[in-house]
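Q: Please take me through one part of this chain slowly, starting with a charge that sits over a ring. I'm in my first year, so plain words would help, and I'd like to see how that spot links up with what lies around it.

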Amino acid sequence: VLLPSTAYTILLRAGGVGSIPGNGLMEIETGLSSLVARITGGDLRLDPAAPLTLDGSSSLDPDICRLETESALLFASSDDCFLDATGDTACTEPCLETTLQYAWQCWDGRGKCRTADFALLSSPAAGVVSVDVASLATPLPDSLRFELTVTKGQRFQSTSINVELVESRRRISASDPPSLD
């Protein structure tokens with residue numbers, strides 16, 4: 001495993017029966033990997049009166065946290081242990097990347113989301129945020145797009161999800177008679 005932002009010099013030797021052996025040096029310098037921005041759950045449908053929690057806490061810096069791909073993860077035996085490609089069991093600690101910065105933005109069909117008093121919707125700079133969709137300016141659009149941008153130093157990565165707003169067919173109030181269905 002090569003470390004990020006590190007220079008390496010590799011000595012190569014070649015030769016075979018009946019050939020002249022040779023040597024060569026190769027310089028390799030590794031860079032930083034792109035950040036990985038994730039919003040748990042992906043696109044969804046939501047009643048505007050329902051609570052909306054957006055979770056970007058699984059975003060990561062793959063130079064700090066190991067990024068497991070499906071080709072490397074063959075069989076999950078628990079959340080933290082798996083069989084690797086060689087059949088060996090490997091266990092990892094959950095990665096607690098604390099240096100990522102989070103920025104959330106919301107768009108509706110008119111531009112950036114605004115509250116009922118026309119202020120721009122603001123969200124805390126946290127990995128997990130709650131959004132009160134019912135507090136947005138009316139009329140509510142058919143859908144919203146939420147974008148998460150994670151940054152670390154000069155690197156950044158964004159991802160987004162769409163939230164389709166679907167009102168319940170009928171809201172039951174305290175004055176409605178009970179149903180016998």
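**A charge over a ring, and its surroundings**

A: Start with Arg145: its charged end sits over the ring of Trp107, 4.6 Å from the ring's centre. Keep in mind that this is a predicted model, so every number here is computed from it.

From Arg145 you can step across to Gln105. Beyond residues up to four places away in sequence, Gln105 touches Lys112, Arg145, Phe146 and Glu147. Gln105 belongs to strand E8, and it is partly exposed because its relative accessible area is 31%, between the 20% and 50% cut-offs. There's also a link to a residue further along the chain: Leu121 is 16 residues away from Gln105 in sequence, with 8.1 Å between their C-alpha atoms.

Now look at Trp104. Which residues does Trp104 contact once its neighbours within four places in sequence are set aside? The list is Ile39, Leu54, Asp55, Gly56, Ser123, Pro124, Ala126, Gly127, Val129, Glu147 and Leu148. You've met Glu147 already, since Gln105 touches it too.

Trp104 also takes you into the nonpolar core. The largest such core has 22 residues, and Trp104 is one of those that touch the most other members, together with Leu52, Leu54, Val133, Leu144, Phe146 and Val163. Five strands each supply at least two residues of this core: E4 (52-55), E8 (101-108), E10 (128-131), E11 (143-152) and E12 (155-165). E11 gives the most, with four residues. Phe146 is worth a second glance, as it's on that list of best-connected core members and is also touched by Gln105.

Next comes the disulfide. The structure holds one, and it's formed by Cys106 and Cys113, with their sulfur atoms 1.9 Å apart. The torsion about the S-S bond is about -55°, so this disulfide is left-handed. Are its two ends buried or exposed? Cys106 counts as buried because its relative accessibility is 7%, and Cys113 is buried as well, with a value of 2%. Both values fall under the 20% cut-off for being buried.

From there, move to the loop between E8 and E9, where you'll find Arg110. Arg110 is exposed, because its relative accessible area of 52% is over the 50% cut-off. What does Arg110 contact, leaving out neighbours within four places in sequence? Ala137, Thr138, Pro139 and Pro141. Arg110 and Pro141 are 31 residues apart in sequence, yet their C-alpha atoms are 8.5 Å apart in space.

Two of those partners have a feature of their own: Thr138 and Pro139 are joined by a cis peptide bond, with omega about 0°. Pro139 lies in the loop between E10 and E11. Phe118 has an odd backbone angle too, with a positive phi of about 70° even though it isn't a glycine. Why bother pointing these two things out? Because most residues other than glycine have a negative phi, and most peptide bonds are trans. Phe118 is located in the loop between strand E9 (111-112) and E10, and it counts as exposed because its relative accessibility is 57%.

Finally, zoom out to the whole chain. There are zero helices and twelve strands, so going from the N terminus you simply meet one strand after another. Of the 181 residues, 24% are buried. The accessible surface comes to about 12700 Å², and 54% of it belongs to carbon and sulfur atoms. Take the contacts between residues at least 6 apart in sequence: 54% of them join residues at least 24 apart. Thr30, in the loop between strand E2 (22-29) and strand E3 (44-46), gives you an example of residues brought together in this way: its C-alpha atom is 5.4 Å from that of Thr6, 24 residues away along the chain. Thr30 contacts Thr6 as well as Leu2, Leu3, Pro4, Ser5 and Tyr8, with neighbours within four places left aside. At 17% relative accessibility, Thr30 counts as buried.

One last thing about rings: a search of the whole structure finds zero aromatic pairs. What you do have is the spot we began with, where the charged end of Arg145 sits over the ring of Trp107.

Note on methods. Residues are numbered from 1 along each chain as its sequence is written. This is a predicted model: local features need pLDDT of at least 70, side-chain atom pairs count only at pLDDT 80 or more; totals for chains, interfaces and linings use all residues. Side-chain values use heavy atoms; hydrogens and water are left out. Buried means under 20% relative accessible area, exposed over 50%, partly exposed in between (1.4 Å probe, protein chains only). Contact means heavy atoms within 4.5 Å. Accessible areas come from the Shrake-Rupley method with a 1.4 Å probe; for residues, only the protein chains shown count as cover. A nonpolar core is a set of buried Ala, Val, Leu, Ile, Met, Phe, Trp, Tyr and Cys residues joined through side-chain atoms within 4.5 Å. Rings of Phe, Tyr and Trp (its six-membered ring) pair if their centres lie within 6.5 Å; planes under 30 degrees apart count as stacked, over 60 as edge-to-face and the rest as tilted. A charge sits over a ring if NZ of Lys or CZ of Arg is within 6 Å of the ring centre and within 35 degrees of the ring normal. A disulfide is a pair of cysteine sulfur atoms within 2.5 Å.
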